[in-house]
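Please look over the sequence and the structure below before reading on. The notes after them are grouped by topic.

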Amino acid sequence: MIAKDQDEKISVRRRIGLLGLGRSAFYYRPRTVSDHDHELMKAIDQINMSHPCFGSRRIMAVLRSAGWNVGRDHIRRLMRMMRIFAIYPKKRTTIPCKEHKIYPYLLRNRVINRPNQVWCTDITYIPMAKGFAYLVAIMDWHSRCVLSWRLSTSLDASFCIEALQEALQSYGCPEIFNSDQGSQFTSSEFLAVLSARNISISMDSKGRFYDNIFIERLWRSLKQEEVYLNAYENVKECRRGIGSFIKHYNTGRPHQALKYQTPSQVYGLLQRAAS
């Protein structure tokens, strides 16, 4: 055992070597997002909601015409942070991580006519006055009913797994679960929850906005009718506002595609009729 006075004589370089770390990792301090970047991310998000086909070049042009002095590299970095990607057919130039299995898309030409036949999920960026958060939701595809959701300030898989487990415990199991190819949904921990219940796994093709269109429409409604109208000061206000909107979305908002019924009516009525 090394005495305290001896330990103090060991150089920082030696300590880093004993721990098996690189010097850059030892000295690294995470950079906080500046107030300027927060405002810029909000502007990018609003453009993306209105024009999801715009890439970094067009977003840069729109921002510059609005008075922003910003370059394309800066915009691309923030878009990656926000998980925002232009929607257009792409060549398959990205090779998935070998550790993450990618599943085929199972919903093409499939008739979806009952609740719990297909669930879907996605993550979106939520701006606040100081900082930002990420929202994940689990939705029943047929009824558009939001079964569970979670808010997080980081993009690890844990909050997605919590939302999935809550939906499974409350509503049973779907036949198919659809997501994009994000690292949260291709992680072994997330997939293990589905596989343990023999749920078929479906994943959107790269760059295919319409493969998960219903939850994308939820994000558009949420941001235009709630998020952009209320400048959340913190995560607590954000959680309260989103919770209120989703409750109204499920129980008080008629959908034309559902013959002007609410998602909860379609999900609950059809479940009872089938039982």
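This briefing covers aromatic rings, one helix and one serine in a predicted model. A search of the whole structure finds seven aromatic pairs, and two of them are described here.

**Aromatic rings**

- A pair of aromatic rings is described by the distance of the centres and the angle of the planes.
- Phe132 and Tyr134 make an edge-to-face pair, with 5.7 Å from centre to centre and 85 degrees between the planes.
- Phe132 has a relative accessible area of 14% and Tyr134 has a relative accessibility of 4%; Phe132 counts as buried because the cut-off for buried is under 20%, and Tyr134 is buried as well.
- Trp141 and Phe214 are also an edge-to-face pair, with centres 5.1 Å apart and planes at 85 degrees.
- That second pair links distant parts of the chain, since Trp141 and Phe214 are 73 residues apart.
- Trp141 sits in the loop between β2 (132-140) and β3 (146-152), while Phe214 belongs to helix α10 (residues 213-227).
- Trp141 and Phe214 are both buried.
- Arg144 lies over the face of Phe214, 3.7 Å from the ring centre.
- One aromatic cluster is formed by Tyr125, Phe132 and Tyr134.

**Helix α5**

- In helix α5 (residues 56-65), the buried residues are Ser56, Ile59, Met60 and Leu63.
- These buried residues are on the same side of α5 because they cover an arc of only 105 degrees around the axis.
- An α-helix has 3.6 residues a turn, so residues three or four places apart point the same way.
- Arg57, Arg58 and Ser65 are exposed on the other side of α5.
- The cover over the buried residues of α5 includes α4 (35-50) and α6 (72-82).
- Gly67, just after α5, takes a positive phi of about 105 degrees.

**Ser154**

- Where is Ser154? Ser154 lies in the loop between β3 and α7 (158-171).
- Ser154 is partly exposed, with a relative accessible area of 30%.
- The side chains of Ser154 and Asp156 are joined by a polar contact of 2.6 Å.
- Apart from neighbours within four places in sequence, Ser154 is in contact with Tyr134 and Phe159.
- Tyr134 is thus named under two topics here: Tyr134 pairs with Phe132, and Tyr134 is in contact with Ser154.
- Ser154 and Leu135 are 19 residues apart along the chain, and their C-alpha atoms are separated by 10.0 Å.

Terms used: Residues are numbered from 1 along each chain as its sequence is written. This is a predicted model: local features need pLDDT of at least 70, side-chain atom pairs count only at pLDDT 80 or more; totals for chains, interfaces and linings use all residues. Side-chain values use heavy atoms; hydrogens and water are left out. Rings of Phe, Tyr and Trp (its six-membered ring) pair if their centres lie within 6.5 Å; planes under 30 degrees apart count as stacked, over 60 as edge-to-face and the rest as tilted. Buried means under 20% relative accessible area, exposed over 50%, partly exposed in between (1.4 Å probe, protein chains only). Helices (H or I, at least four residues) and strands (E, at least two) are DSSP runs, numbered from the N terminus. A charge sits over a ring if NZ of Lys or CZ of Arg is within 6 Å of the ring centre and within 35 degrees of the ring normal. The arc is that of the directions from the helix axis to the C-beta atoms. Contact means heavy atoms within 4.5 Å. A polar contact is a pair of N or O atoms within 3.5 Å; within protein, one must be able to donate a hydrogen and the other to accept it, and residues adjacent in sequence count only if both atoms are side-chain atoms.
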